Amino acid sequence: MKIFNRRDFLKTSGVAAGGLMLSSGMLKAAQNKSGVTLNIAMVGIGAEGEVLLNSLLKLPNVNFVAVCDIWPVRKTYAFRRIFKELKQKAKMYEDYKELIANHAKDLDAVFIATPDFWHAPQTVDFLNAGVNVYCEKMMSNTLEGAKSMVRAARKNKKLLQIGHQRTSNPRYLYAREVLLRKNNICGKIMACNGQWNRAVTADLTWAKKQTIPDETLKKFGYSDMAQFRNWRWSKALGGGAISDLGAHQIDIFGWMLGAHPSRVMASGNRDYYKKPDGTPAHDWDDNVMCIFEFDKTFQGNKAQVFYQVLTTTSSGGGYFESFMGDKGTLKMSENPAITKLFRENNVPIEEWDKLAKNGVIGTGDADSANVKTADARESAALMSYGFPATVPGFDAEKPIHMYHIENFLGAVRGENKLSCDAEHAYEAEAAVFKAREAISKGPLEFSEDDFVVSD
Ligand SMILES: NC(=O)c1ccc[n+]([C@@H]2O[C@H](COP(=O)([O-])OP(=O)(O)OC[C@H]3O[C@@H](n4cnc5c(N)ncnc54)[C@H](O)[C@@H]3O)[C@@H](O)[C@H]2O)c1
């Protein structure tokens with residue numbers, strides 16, 4: 001607990017966009033070798049809480065002191081798994097304030113995976129009680145909430161990691177430091193695009209016997225079970241798809257480009273999910289498309305980033321972030337199968353062959369460049385390459401969230417810096433909030449007259 005000398009290392013734990021180095025120490029930090037057992041608690045064990053739990057159960061030297069969820073079925077699920085797999089008896093709570101009152105002094109860390117509107121109050125209370133926090137993204141459903149989290153971490157000199165797990169993923173670190181910076185593989189990156197396209201989904205439901213009593217729902221800010229299950233789409237509780245999914249990737253654009261965006265324009269619509277009376281079923285947009293302009297990237301030039309998040313179709317190849325330069329394109333994804341590099345035809349094949357021979361990239365797929373196109377001068381197919389067979393620190397068997405959790409636990413043990421502290425995550429938060437604002441304030445309206453030549 002208070003045995004680590006965190007103060008010195010906290011002074012240097014801020015990771016500004018562009019400030020992260022891929023050192024072997026950073027990759028090794030994920031391995032948790034110190035053997036110090038940490039006392040932890042979990043608050044919110046829904047879909048994402050379960051993902052975190054799956055990793056935590058596999059990590060050594062973790063002692064589950066308590067679990068908290070307002071939904072009894074989820075609380076007991078966590079308790080049972082922890083008991084079955086580790087023989088540890090975590091205390092169960094409905095109200096996180098009781099958990100703090102009874103255990104804060106013994107806790108090294110808490111993992112918070114509740115709906116976004118709970119993040120700020122819970123995180124601030126845990127930090128004020130002296131507990132390091134791993135909180136899921138978005139930081140909050142309000143910018144004020146997110147600011148209060150940054151301030152509480154600063155004031156209490158405690159660690160606050162936000163769940164943008166790509167920033168701890170060795171493949172992403174490799175892409176940023178080794179491919180884009182050290183080897184300048186894309187050349188000048190003038191444009192990026194990214195997307196997260198999801199198929200139509202029905203609202204989430206619940207088994208009747210698992211209905212939470214009205215007074216409990218009200219106590220914790222929910223009007224009814226339907227809103228409790230589908231909080232993402234409610235303005236008071238969540239941020240919609242651009243925040244829920246987009247925040248991860250908008251964070252990655254700023255992080256990879258080593259800069260903050262300078263301006264944003266955006267468009268959104270709520271014309272798909274409808275109530276029986278024909279009005280929109282959700283408070284937030286079903287689909288959002290936006291363009292961020294960067295005035296000065298790490299390469300010193302301007303760049304435009306087009307990003308879309310769609311919840312009405314899964315077409316277009318899933319979720320990825322592409323960095324398009326005059327020498328090549330890096331298409332990144334949490335899914336290794338989607339990740340690819342494309343060599344521009346103006347770069348001699350020998351150059352990339354050499355990189356492949358030296359293990360910087362994988363070998364090229366000659367077939368990918370053999371596609372006949374109508375205009376070979378302008379749109380010839382590009383040869384694609386994979387990542388090298390070994391990326392330092394990457395283990396294909398490991399769940400993708402585990403690196404981020406290990407990074408956090410390593411930081412709590414005083415072994416390494418956080419890869420996504422609150423100051424860094426706030427930068428993505430600000431970009432997402434501004435993009436959403438641009439939907440209502442930004443677009444220039446067309447009139448039908450604009451398209452007609454009058455007499
Ligand atoms: N990093 C990622 O890749 C990722 C992926 C999915 C979700 N998330 C984030 O994780 C968080 C949770 O999302 P989810 O999909 O698991 O939602 P969810 O609705 O499935 O789970 C939320 C859980 O929190 C519980 N809860 C609600 N209010 C609570 C309170 N006041 N105290 C204690 N428990 C409470 C609910 O009962 C539920 O079990 C969100 O912030 C979301 O953005 C992150």
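## A tour from the ligand to the sheets

Start at the ligand: of the 25 residues around it, Gly44, Gly46, Glu48, Trp71 and Glu136 come nearest. Show those five as sticks and keep in mind that this is a predicted model. Next, colour the two elements that each give two or more residues to the shell around the ligand, helix H3 (47-58) and helix H6 (116-128). Which of them gives the largest share of the shell? It is H3, with three residues. If you now colour the shell around the ligand by residue class, you will find 12 nonpolar, six polar and seven charged residues.

Zoom out for a moment and take in the whole protein chain. Its secondary structure comes to 16 helices and 15 strands. Of its 455 residues, 45% count as buried. Among contacts with a separation of 6 or more, 74% are between residues 24 or more positions apart.

Now for the parallel sheet. Select strands E1 to E6 and follow them across: the order is E3-E2-E1-E4-E5-E6, in an open sheet of six strands with parallel pairing. At the edges you will meet strand E3 (91-93) and strand E6 (160-162), each paired on one side only. Look along the sheet to see how neighbouring strands are turned against each other, by 20° on average with direction ignored.

For a closer look at one pair, select residues 109-112 and 132-135. These are strands E4 and E5, which pair in the parallel sense over four bridges. Put Phe111 in the centre of the view, and opposite it in E5 stands Tyr134.

The last stop is strand E11, so select residues 319-325. How many of the seven residues of E11 are buried? Seven of the seven are. Turn the strand to check both faces: Tyr319, Glu321, Phe323 and Gly325 are buried on one side, and Phe320, Ser322 and Met324 are buried on the other.

Add the partners of E11 one at a time. Strand E7 (residues 189-197) pairs with E11 in the antiparallel sense over seven bridges. One place to look is Asn193, whose bridge partner in E11 is Ser322. Then bring in strand E12 (residues 328-332), which runs antiparallel to E11 and is joined to it by four bridges. Here Met324 has Thr329 in E12 as its bridge partner. To finish, trace the backbone from E11 into E12, where a hairpin joins the two strands through two residues. With backbone atoms shown, you can compare the two kinds of pairing on this tour: strands of a sheet pair through backbone hydrogen bonds, either parallel or antiparallel.

Definitions and conventions: Residues numbered from 1 in each chain as written. Predicted model: local features only at pLDDT ≥ 70, side-chain atom pairs only at ≥ 80, totals over all residues. Pairing = 2+ DSSP bridges. Axes fitted to C-alpha atoms, helices over the stretch in contact; angles between N-to-C directions. Buried ≥ 20, exposed ≤ 12 C-beta atoms within 10 Å, placed from the backbone. Contact = placed C-beta atoms within 7 Å. Near = placed C-beta within 6 Å. Nonpolar A, V, L, I, M, F, W, Y, C, P; charged D, E, K, R; others polar.
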